[in-house]
Amino acid sequence: MAKFQKAAEEAQALAAAFSNGKGASTDFAKSLTTGNDVVLPGGTGGAALRRQDLADDVKNLTYTKKDFTIFNLIPRGIADSTAYEYTIQDGYGDAGSSRFVGEMDIASINDIDLERKVVSMKIISDTRQASILSLQVNNTADPLDKLLDAAMITIAKTIEYGIFYGDADLSAKGAGQGFEFDGLKKLIPAANVIDLGGKILTETDLNAAAVKIAENYGTADSVFMPVGVQAAFVNNQLNRQWVSQGSASQVASGFNVPTFFSSQGALKLYPSTIMMNDKILNRSAAIDPQAPLAPVVTTSVKAGAGKFADSDLSNDLHYAVRLVSAKSAKSAPAFVDAKLASNASEVTLDINLGVQIIGAPQHVEIFRKDEFTGNFFLIGRVPFFNKTVVDGAFHVSFVDANEDIPGTADVFVGSMDHEVVELVELASMQRLPLATIKASVQFTVLWQGALALYAPKKFARLKNVKSQVY
C-alpha cells in the first residue's frame, strides 16, 4: 500500500509540473519504430535504417502469349515478293444434264474455271527506346529484354487483329491502298454471313455455319469467338449438365464445351480474351499531339431499311466519331445523339472534318453506345478517299441501319487447312537496330506479310452474337 501511495504521489507531482509549464523543455524519448511506409529521402527514426524489399520480377497484368488464338493456329506461307500471286480453280466446267449426248454426238467443249489472285504484302512495325542510363543501373529485369518482348507481343496482337478485322481500303488513296491487309470479316462472302440479331450462340447456329461451308466443299474444324460468347454458349446448356459426385464431400458441378460436334464433324472452340479490344472506344486514352482535330458531326433520321430493336426506340442513340490519321494518330472523339422514329429508321451521320487536317488522314471510326455495358462499340469505318468537299470542308457520311449492333460480337468458323487459309509472310518478326542519335538505344521490330484466304466460301461468320453472360 505504501508503494502504491508513493507512485501516485510521483504521478501527481509530474502532472502538476506540466500544468505549471515547468516541464515544457523536458525531452521525452519514444521507442524506435520502423513503420510500414515507403521510405523517401528525409525519412527519420527507425525507418531510415530499414532496407526496402523489391520483388525481383515484373507482375504482368495485361494479355500474354497464351491469349492469342488464331495467330498460334493459322498455317504459315512464304512470299518472295510484295505481290503474292496464286491461282484458284473454282470448278471443273459444266456437268450434269449438259453432258448427256446421242449415239453419234460428242459433248460441247468444256473448260475448267481458273482465276489468278493477288495479295499485297503489308508492314507492321513497333519501335522502342531505352536510355543508356536505364541500362546501366541495377534493374530487376533487363530493360531491353522487356522492351523486345513487349514489341513482339504487340506485333502478334496486331497480326491477330488484322486476321479478323483488317481492311486494306482504309486510306486516302483508294481501294486496297491502306496500311492494313484484308481480314476475315471483309473476305468472307456475304452468303456465308449469318446474322443472329443480338441472340446468344446456339448449336443450331454452329450447325448452320458448318453446313454453309460443307456446301462449298469445305470441312470446318475451328471456331473463334470472344470468351463471353463461349461462356454464354456453355451457360445455355447448363440445364443439361451432369453432376459428378465422388463422395458426399466431393461434388463437381458445371462443365466446359471445348468441342462441338456438328453434322459435318468436330469443331474446336477457341475463346479469345482480346478479340473485342479494338472494338471498344477507350475514352481515357491520351490524345497524340499530332492528332487531327475532332470532327463536327450532325445526324438526321429518315425512314429506310433499319433493323433497330424496340429497346432502341425508348432511348436516344449515342454516337462517338473520330478521325484516324497516319501512324494511328486519333482525334478526340466527337459525341452526338439521335432519336429514332421507328424500327425501320436509318440514322445518317454527316461528319465534317474541316478544311485543314493535321497529318495524313486515313479513315473515320464510328462508335455507338451499348446501353447495357455503357461502352461505345465500333460499328463502322469509312475510308478517307470516300470524302466529299462541301463549302471547302471535307465531309464523309455514314448510315447506321443497325447492321452492326453495339455490345455484340463476331464468331468465325472455318478450316485451318493450308489450302484454305494461310498467313503469308514476306519476312517474319525481326529486330532492326536504329541509328543512335542521342544517349539511348532504339530498335524496331518489323513483320511483313498478309492474310491469304484462298477459299473464302470455306469460312463463315456469325455476326451480332450476344457476348454478355451476366
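Contact here means heavy atoms within 4.5 Å. The views below are taken from a predicted model.

**View 1. Gln-237 lies in the loop between helix 7 and strand 7 (244-247).** Leaving aside neighbours within four places in sequence, Gln-237 is in contact with Glu-203, Phe-255 and Val-257. Gln-237 counts as buried because its relative accessibility is 11%, and buried means under 20%.

**View 2. Helix 7 (residues 227-235) and its cover.** The buried residues of this helix are Gly-228, Val-229, Gln-230, Ala-232, Phe-233 and Val-234. Both helix and strands contribute to what covers them. Helix 6 (203-215) is included in the cover. So named too are strand 6 (222-226), strand 9 (259-262) and strand 10 (265-272). Strand 19 (408-414) and strand 22 are also included.

**View 3. Tyr-86 and Tyr-454 form an edge-to-face aromatic pair.** The structure holds 13 aromatic pairs. In this one, the rings are 4.7 Å apart, centre to centre, with 85 degrees between the planes. The pair links distant parts of the chain, 368 residues apart. Tyr-86 is in strand 2 (residues 83-91). Tyr-454 is in the loop between strand 21 (440-453) and strand 22 (459-466). Tyr-86 counts as buried, at 13% relative accessibility. Tyr-454 also counts as buried, at 13% relative accessibility.

**View 4. The second largest pocket has a lining of 27 residues.** About 830 Å³ of space lies in this pocket. Strand 2, strand 3 (113-120) and strand 21 are the elements that give two or more residues to its lining. The largest share, five residues, comes from strand 2. Nearest the pocket centre lie Ile-88, Leu-453, Tyr-454, Ala-455 and Pro-456. Tyr-454 of the aromatic pair with Tyr-86 is thus among the lining residues nearest the centre.

**View 5. An aromatic cluster, and two arginines over rings.** Phe-164, Tyr-165, Phe-224, Tyr-270 and Phe-412 form one aromatic cluster. In another close-up, the charged end of Arg-76 sits over the ring of Phe-71, 4.7 Å from the ring centre. The ring of Phe-443 has the charged end of Arg-431 over it, 4.5 Å from the ring centre.

**View 6. Phe-377 is placed in strand 16 (residues 376-383).** Phe-377 counts as buried, at 5% relative accessibility. Ile-280 is 97 residues away along the chain, yet the C-alpha atoms of Phe-377 and Ile-280 are separated by 4.7 Å. Residues up to four places away in sequence are not counted among the contacts of Phe-377. Those that are counted include Met-276, Lys-279 and Ile-280. Phe-377 also touches Ile-366, Phe-367, Arg-368 and Asp-370. Pro-406 and Gly-407 are touched as well by Phe-377.

**View 7. Strand 18 (residues 393-400) runs antiparallel to strand 14 (residues 345-354).** Seven bridges join these two strands. Among the bridge partners, Leu-349 is matched with Phe-398 in strand 18. Strand 17 (residues 388-390) is also antiparallel to strand 18, with three bridges. Here the bridge partner of Thr-388 is His-395 in strand 18.

**View 8. Strand 17 and strand 18 form a hairpin.** Two residues lie between the strands. Asp-391 in the turn has a positive phi of about 55 degrees.

Terms used. Residues are numbered from 1 along each chain as its sequence is written. This is a predicted model: local features need pLDDT of at least 70, side-chain atom pairs count only at pLDDT 80 or more; totals for chains, interfaces and linings use all residues. Side-chain values use heavy atoms; hydrogens and water are left out. Rings of Phe, Tyr and Trp (its six-membered ring) pair if their centres lie within 6.5 Å; planes under 30 degrees apart count as stacked, over 60 as edge-to-face and the rest as tilted. Helices (H or I, at least four residues) and strands (E, at least two) are DSSP runs, numbered from the N terminus. Buried means under 20% relative accessible area, exposed over 50%, partly exposed in between (1.4 Å probe, protein chains only). A charge sits over a ring if NZ of Lys or CZ of Arg is within 6 Å of the ring centre and within 35 degrees of the ring normal. Two strands pair if DSSP finds at least two bridges between them. On a 1 Å grid over the protein atoms alone, a cavity is a set of points where a 1.4 Å probe fits but cannot get out, and a pocket is an open set with protein on both sides within 12 Å along at least five of seven lines; lining residues have an atom within 4 Å of a point. Grid points are joined across faces, edges and corners, and a volume is the space filled by probe spheres set on the points.
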